[in-house]
Amino acid sequence: IFVVDHFYKGVADWLRYDNQGSILAPSFRHLDFTLAHANVRGIVNDGSVSIAAGIVMAIVGVNQLGAFLVFAWLSFLGAIMFYRAFTLTFPAAQAGHRRYALMLFFLPSLIFWTADVSKEAIMALSLGVTAYGASKVLIRRKGGFAMLVLGIAIGILVRPNELLVVLGGFAVALMIRPAGVGVNRSGLKRVGSLVFMALLLGLSIFFTLHYLHSSAGSLSLTQVAKNQSGTGAGFGSSGVPYSASPLTYWRDVYTILLDPLPITAHGTGQLISSLENTVILGLILFSLRQLRMVPRAAFARPYVMMCVVYSLGFIYAFAALGNLGLITRERTLLFPFLLVLLCIPRTPKGR
């Protein structure tokens, strides 16, 4: 609240979610689930967050800090799910567990942008549960598909496009999953798994098309970038160049992960963001050994492959936001997957 008031000139999405949630909460408490009186015009994207805020406030009362606490706690549960997915993938690597935990639980943007009533808080939980379910499926643990369904259900109305990317990564990981010892999957089970994945992907595609069309008026990433550029409140960091051509992908990598750096920052908000970007750059440079192992690890541990595909797809798609303010906020949902690639455990010398 302090940062938004003093550095973002009072411009924040949670102001709308709080206001609409506080109007919906008394109605929800009396089992009246109409939305029109709160000016909630749909349940996909922004409307779903306002509805979630209304549900929380119906329970804890119309209290801004109380609602923030609940959403921050839910996102923390998501972080725990990401951590469990990593430990399931690398069960005997205590040093890798510690390295991943330090990055995951203490990266400033992961703490800050999930501490309010926001899409990031809900999607942190959604993607965390989805990642945990996927990791269980990929090592053939029971309950994985149930967790997948739960994670998708949590976030499907908030940001289905992110779930589409993660499910795409999961589908690739399933295809390269090594055969387990003594595992003999029947043809019926294989068909069932394929049908299940097709249903999840189809559902995510449907809501993604609805989300993109309603929010951007176009399914073109280039058009999305144009729509996010402008002047006035909320557009102070717009105008980031974007091209859908794969030839400019490395520019997208810089935009998502490192822009701005201290030498290119303008204003206090960008300077604060640039300090974290410097830390991220340092983490990448100190993790070059881990990054060299990614191709080998991706085929040995399918969850790593899922993180690779998600990271590559996220960078390509979300660079189209064309606004550093939006990118800084939304890339928080890239980090839990990307950090896996920086924390692949190395075998100690002599072993």
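Okay, let me start with helix α5: its buried residues pack against four helices, namely α4 (64-89), α6 (108-112), α13 (267-285) and α18 (335-341). Before I go on, keep in mind that this is a predicted model.

So which residues of α5 are the buried ones? They're G96, H97, Y100, A101, M103 and L104. Have a look at the spacing there. An α-helix has 3.6 residues a turn, so positions three or four places apart point the same way. As for the geometry of α5, it covers residues 94-106, and with 13 residues at 1.5 Å each we'd expect a span of 18 Å. The C-alpha atoms at its two ends are 18 Å apart, so that agrees.

Right, on to the core. The largest nonpolar core is made of 90 residues. Who has the most contacts inside it? That would be L127, Y303, V304, Y310 and F337. Helix α16, residues 302-318, gives this core its largest share, with 10 residues. Let me zoom in on Y310. If you set aside neighbours within four places in sequence, Y310 touches L127, E162, V165, V166, L333, L334 and F337. There's also a second, separate core of six residues, and L88, L125, V129 and M147 are among them.

Now for the charged side chains. The model has nine salt bridges in total, and the one I'd like to walk you through is R329, along with its partners. With D13, the closest N and O atoms are 3.1 Å apart. That pair connects distant parts of the chain: R329 sits in helix α17, residues 324-330, while D13 is in helix α2, residues 13-29, and they're 316 residues apart.

Buried or exposed, then, for R329? Buried: its relative accessible area is 14%, and the cut-off is under 20%. D13, on the other hand, is partly exposed, at 27%.

Next partner: E120. Here the closest N and O atoms of the salt bridge with R329 are 3.4 Å apart. E120 belongs to helix α7, residues 119-138, and R329 to α17, so this bridge ties together parts 209 residues apart in sequence. In this pair, both residues are buried.

And then there's E330, which also bridges to R329, with closest N and O atoms at 3.9 Å. E330 is buried too, as is R329.

Put the shared partners together and you get one network, joining D13, E120, R159, E162, R329 and E330. You'll remember E162 from a minute ago, by the way: it's on the contact list of Y310.

That's my tour, thanks.

Terms used
Residues numbered from 1 in each chain as written. Predicted model: local features only at pLDDT ≥ 70, side-chain atom pairs only at ≥ 80, totals over all residues. Heavy atoms only, no water. Expected span 1.5 Å × (residues − 1). Buried < 20%, exposed > 50% of the residue type's maximum accessible area, 1.4 Å probe, protein only. Contact = heavy atoms within 4.5 Å. Core = buried A, V, L, I, M, F, W, Y, C linked by side-chain atoms within 4.5 Å. Salt bridge = Lys/Arg side-chain N within 4 Å of Asp/Glu carboxyl O.
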